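Good morning, everyone. Please have a look at the model on the screen, and keep the sequence beside it.

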Amino acid sequence: MRGRSEGGKKKPVIVLLCVASVVLVFVYLFFGSSNHKAIEYGRKLGLGGDDDDSTKKDDTSSSFYVEDVVGNGFTPRSFPVCDDRHSELIPCLDRNLIYQMRLKLDLSLMEHYERHCPPPERRFNCLIPPPPGYKIPIKWPKSRDEVWKVNIPHTHLAHEKSDQNWMVVKGEKINFPGGGTHFHYGADKYIASMANMLNFPNNVLNNGGRLRTFLDVGCGVASFGGYLLASEIMTMSLAPNDVHQNQIQFALERGIPAYLGVLGTKRLPYPSRSFELAHCSRCRIDWLQRDGILLLELDRVLRPGGYFAYSSPEAYAQDEEDLRIWREMSALVGRMCWTIAAKRNQTVIWQKPLTNDCYLGREPGTQPPLCNSDSDPDAVYGVNMEACITQYSDHDHKTKGSGLAPWPARLTSPPPRLADFGYSTDIFEKDTETWRQRVDTYWDLLSPKIQSDTVRNIMDMKASMGSFAAALKEKDVWVMNVVPEDGPNTLKLIYDRGLMGAVHSWCEAFSTYPRTYDLLHAWDIISDIKKRGCSAEDLLLEMDRILRPSGFILIRDKQSVVDLVKKYLKALHWEAVETKTASESDQDSDNVILIVQKKLWLTSESLRDLE
């Protein structure tokens, strides 16, 4: 009897404790969601957990939303914060997603380094936290040579490549002496040597502005591209998210143009005839595989008369295996009509022909074949590579080259490929002037908030002909010009102007690390994505992911879109800086300009680490 009596007294206490626990959990989720360490990746947020029933998720019933009576909708009170271990999450290049979805990929073809985006029910819908102790990045040009270690706390390469001067850890910073696998004594000396090999004036690799756009494959930490900027050469530094930890993240933190990508099975996101020079310094790529398909992809993106600079043991043939590779590679490029422009020590520089004459003069049945006439060399988004040679257009064949003006005149000269879109010179010139005026307005609105070195990495999310970027020529910035994959592929005009960019669909995440851009320009991009039936909320979270803390977003869109974004400001930790109606004289006079700034916030774990 005594035992039953004591049990009866304990029962109400246990019930009360359970109720109190439930209440505390609810309060924690409701009020603390913006600061807690987070909700487990892949669970409750549609992030890809195996036992996650994400298809039943209803965002509007979530405790993170409150009813917006005026707008007949829901406004987010806050977004949850992703787990700290996802501070470097790249949704479409996430190894965890590949494992969870059990994708059957051919590792020998590098498919696991290509884009594999999560389906809608597995997308993250939380804010990516900065790493503990994150600092506002060092400003350009100092950032070329040093970054805060705490922002990218990976020192593996400093030890692995210690004899090659890639990077050196010094106290709170990581320094970049400018070395590389084949240029231990500095990228500047290596670049000058290449220019000397080609007999360019003053040993400057831009050859009087004739060489402007480069592609560096397997770029390491992008010192080659970083040192080329002094010669007014823009380099797209390309590398996968592989065992060489965070090389592209280091490049972007330094303020050097870079993109996560790989030569695998899909075409690179660049149109044909985009680059004057491609570069591979010990990039460990098997160029002979699959009938030379990877070398043929480089051939596709090189301009008439373009160069491929190759620094590798095969170029100076030290042993039997190197000799075999050299002989086979030489035979392959010979059948591709490439010739040796220069060869010295460890480096060979091949050159493409200026016309179609060599292609048309080959013996019948010569491999690799010419591409079919119905194959579009500019179709790139998700398109498989082809093991064939892309011939030049009639224009390029007749002019014996691309017909481009030297830099910087080519920035404002009408590109020859305007005719591909039916655009006239007058349309091009008006577009250039329109965006010059708009950029002047943007900078006037930003002036209370920025100094000359405040922004370095800029992205134009809907670049059209690249006139936004062209208007920024006198600023010490570079622009990643993004052309939506479902519109006119004007990216070839952008490259013809001597600018950089990639084709992309904003229904998916961009191939970059978090916190890599200082400023995003979103012109009608939110309106466009809503028309496609994709989620504007997902896009806002993606913009937050790639924007650096304290960075800015220039939104130029309809009033209804601006009103929508304003509902999310608090949840995203964004702050409205300025709102302005477009000028009546502007052709987008019905648009509104909203400038927002991302606040620097830290998770509770980060704050504890700082303490």
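I will go through a strand, the cavities and a site from UniProt. Keep in mind that this is a predicted model.

Let's start with the strand. Find β15, residues 500–504. Is β15 mostly covered or mostly open? Mostly covered: five of its five residues are buried. Look at the two faces in turn. M500, A502 and H504 are buried on one side. G501 and V503 are buried on the other.

Now, what does β15 pair with? Its partner is strand β14, residues 478–484. The two strands run parallel, and five bridges join them. Take V483 as an example: its bridge partner in β15 is V503. And V503 is one of the buried residues I just named.

Next, bring in helix α15, residues 491–496. Together, β14, α15 and β15 form a β-α-β unit. The unit is right-handed.

On to the cavities. How many of 30 Å³ or more turn up in the whole structure? Six. The largest has a volume of about 180 Å³. It is lined by 15 residues. Closest to its centre are R123, F124, E508, A509 and D538. What kinds of residue make up this lining? Ten are nonpolar, one is polar and four are charged.

Last stop: N345. UniProt lists N345 under "glycosylation site". Where is N345 found? In the loop between β11 (339–344) and β12 (347–351). Is N345 buried or exposed? Its relative accessible area is 65%, so N345 counts as exposed. The cut-off for exposed is over 50%.

Definitions and conventions:
Residues are numbered from 1 along each chain as its sequence is written. This is a predicted model: local features need pLDDT of at least 70, side-chain atom pairs count only at pLDDT 80 or more; totals for chains, interfaces and linings use all residues. Side-chain values use heavy atoms; hydrogens and water are left out. On a 1 Å grid over the protein atoms alone, a cavity is a set of points where a 1.4 Å probe fits but cannot get out, and a pocket is an open set with protein on both sides within 12 Å along at least five of seven lines; lining residues have an atom within 4 Å of a point. Grid points are joined across faces, edges and corners, and a volume is the space filled by probe spheres set on the points. Ala, Val, Leu, Ile, Met, Phe, Trp, Tyr, Cys and Pro count as nonpolar, Asp, Glu, Lys and Arg as charged, and the others, Gly among them, as polar. Buried means under 20% relative accessible area, exposed over 50%, partly exposed in between (1.4 Å probe, protein chains only). Helices (H or I, at least four residues) and strands (E, at least two) are DSSP runs, numbered from the N terminus. Two strands pair if DSSP finds at least two bridges between them. A crossover is right-handed if, with the strands pointing away from the viewer, the path from the first strand over the helix to the second runs clockwise. UniProt positions are given in the numbering used here, feature names are shortened, and annotations may be inferred rather than shown by experiment.
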